[in-house]
Amino acid sequence: MITQIGEIAEVIPHVYVNTKCEKVDQIFKSSPKLQGVVVQDGSRPSALVMRARFYQQIGTLYGYNLYMGRPVELVMNSCPLIVDYSENITEVSKLAMNRPEEELYDYVIVTRDGQFYGVVSIRHLLLSFAEIQAAIATFLNPLTGLPGNLSIDERLRLCLGQARFSVLYFDLDHFKAYNDTYGFKAGDKLIQATASILKETVTGQDSFIGHIGGDDFIAVLNDYNYPELCSGIIGQFDEIIRSFYTEKDLERQYVMSENRDGQVEPIPLVSISIAVVTNELRSYASIDEIVRESARIKKVCKKHSFSCYCTNEGEQSESVLRH
């Protein structure tokens, strides 16, 4: 995927500060689709002359006689937007859109190693930006903005070659009953709140957070420092979940909802289960092995009616009761 501004730059004619306006006029007339020319100071770009503004000035009552035989520096924009080849297209788009209104459609000048490389038109820039946004969207979950399954699989593949890793699978228990009772909008807000907790908490170097889908999340650590992390996440979750229920439901600690067999019964409030898989005591040859192990550990977590985490390291577990 193209991300650097230099990758979409195109070469256009350039002139120098002492070039006469009549030369610029000739260039524009010989290239009807050309919208501007770059003005260089040696090999470095320093200014820009856009076709529209050039002819606005030249086309005045005395403009032709006033400018045509004189240097282009009289009609050039001496403060154009100049960026390096490696600048991100998204960031350049923001810079371009923040320019004065009269310069919004000016070329963006691109340099490489300080020398003129090319220009990017606003049309080309915005089209490329839209393509990047569309490509990013295929990798992100639209509800939470977290990486989706394509990115998750790629990150898990990296785990297989690491000396240390901890994979944390998060699941919201009894989420369906909450959704059925309070509605999908409330359910979406709960998922977003869970994502926010993970974003704020999982901050280790090169750590990764993904949204598998629905109420399932994943985090990958490059170490075994998960106990304190899991406890912190559980503590925050059990605190915020209280705001998602009515006082009545909080007091009785359940909602009346259908179970998997379609029978209405008391269903506990939503809790969070965390299945932790590490390679501290065993290695894994494939992503499927990690996934199967996490599914097994998740079943252990779900035997509890409260938030907890369980690991594959000697079946240790910690449970945090809801206050």
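Me: Are Tyr-226 and Tyr-309 buried or exposed?

Reply: In this predicted model, both Tyr-226 and Tyr-309 are buried.

Me: How should a pair of aromatic rings be read?

Reply: Such a pair is described by the distance of the ring centres and the angle of the planes. In this structure the count comes to 10 aromatic pairs. One of them is formed by Phe-28 and Tyr-55, a tilted pair with 6.0 Å from centre to centre and 55° between the planes. Phe-28 belongs to helix α1 (residues 21-30) and Tyr-55 to helix α2 (residues 51-58), so this pair ties together parts that are 27 residues apart in sequence. Phe-28 is buried, at a relative accessible area of 1%, whereas Tyr-55 is partly exposed, at 27%.

Me: What geometry does the pair of Tyr-226 and Tyr-309 have?

Reply: The pair of Tyr-226 and Tyr-309 is edge-to-face, with centres 6.3 Å apart and 80° between the planes. Tyr-226 lies in helix α9 and Tyr-309 in strand β13 (residues 308-311), so the pair ties together parts that are 83 residues apart in sequence.

Me: Which residues form one aromatic cluster?

Reply: Tyr-178, Tyr-182, Phe-244 and Tyr-245 form one such cluster. A ring may also have a charged side chain over its face: Arg-112 lies over the face of Tyr-85, at 3.9 Å from the ring centre.

Me: How should a salt bridge be read?

Reply: Side chains of opposite charge can pair when their charged atoms come close. A search of the whole structure finds 10 salt bridges. Among them is the bridge between Glu-91 and Lys-94, at 3.6 Å from N to O. These two residues are three residues apart in helix α4 (residues 89-97), which means that about one helical turn separates Glu-91 and Lys-94. Glu-91 is partly exposed, at 38%, and Lys-94 is partly exposed, at 47%.

Me: Where do Arg-157 and Glu-154 lie?

Reply: Arg-157 and Glu-154 lie in helix α6 (residues 149-159); they are three residues apart and therefore separated by about one helical turn. Their side chains meet in a salt bridge of 3.3 Å, N to O. Relative accessibility is 46% for Arg-157, which is partly exposed, and 41% for Glu-154, also partly exposed.

Me: Which residues are joined into one network by salt bridges that share partners?

Reply: One further bridge may be described beforehand: Glu-289 pairs with Arg-282, the closest N and O atoms being 3.5 Å apart. The network itself joins Asp-171, Asp-173 and Lys-302.

Me: How many disulfides does the count give?

Reply: The count comes to zero disulfides. Cys-21 is in none, the nearest cysteine sulfur being that of Cys-79, 18 Å away. Cys-21 is buried, with a relative accessible area of 0%. The sulfur of Cys-230 is 9.0 Å from the closest cysteine sulfur, in Cys-301, and this is too far for a bond. Cys-230 is likewise buried, at 0% relative accessibility.

Me: How may the surroundings of a single residue be read, taking Asn-222 as the case?

Reply: One may begin with its place in the chain and then turn to its contacts. Asn-222 is found in the loop between β9 (216-221) and α9 (226-240), and at 27% relative accessibility it counts as partly exposed. Leaving aside residues up to four places away in sequence, Asn-222 touches Arg-155, Gln-162, Arg-164, Gln-205 and Asp-206. The C-alpha atoms of Asn-222 and Arg-155 are separated by 11 Å, while the two residues are 67 residues apart along the chain.

Me: Which side chain does a polar contact of 2.9 Å join to that of Asn-222?

Reply: That partner is the side chain of Gln-162. In addition, the side chain of Asn-222 reaches the backbone oxygen of Asp-206 at 3.4 Å.

How values were computed. Residues numbered from 1 in each chain as written. Predicted model: local features only at pLDDT ≥ 70, side-chain atom pairs only at ≥ 80, totals over all residues. Heavy atoms only, no water. Helix = DSSP H or I, 4+ residues; strand = E, 2+ residues; numbered from the N terminus. Buried < 20%, exposed > 50% of the residue type's maximum accessible area, 1.4 Å probe, protein only. Contact = heavy atoms within 4.5 Å. Polar contact = N/O pair within 3.5 Å; in protein donor to acceptor, adjacent residues only side chain to side chain. Disulfide = S-S within 2.5 Å. Phe/Tyr/Trp six-rings, centres within 6.5 Å; stacked < 30°, edge-to-face > 60°. Lys NZ or Arg CZ within 6 Å of the ring centre and 35° of its normal. Salt bridge = Lys/Arg side-chain N within 4 Å of Asp/Glu carboxyl O.
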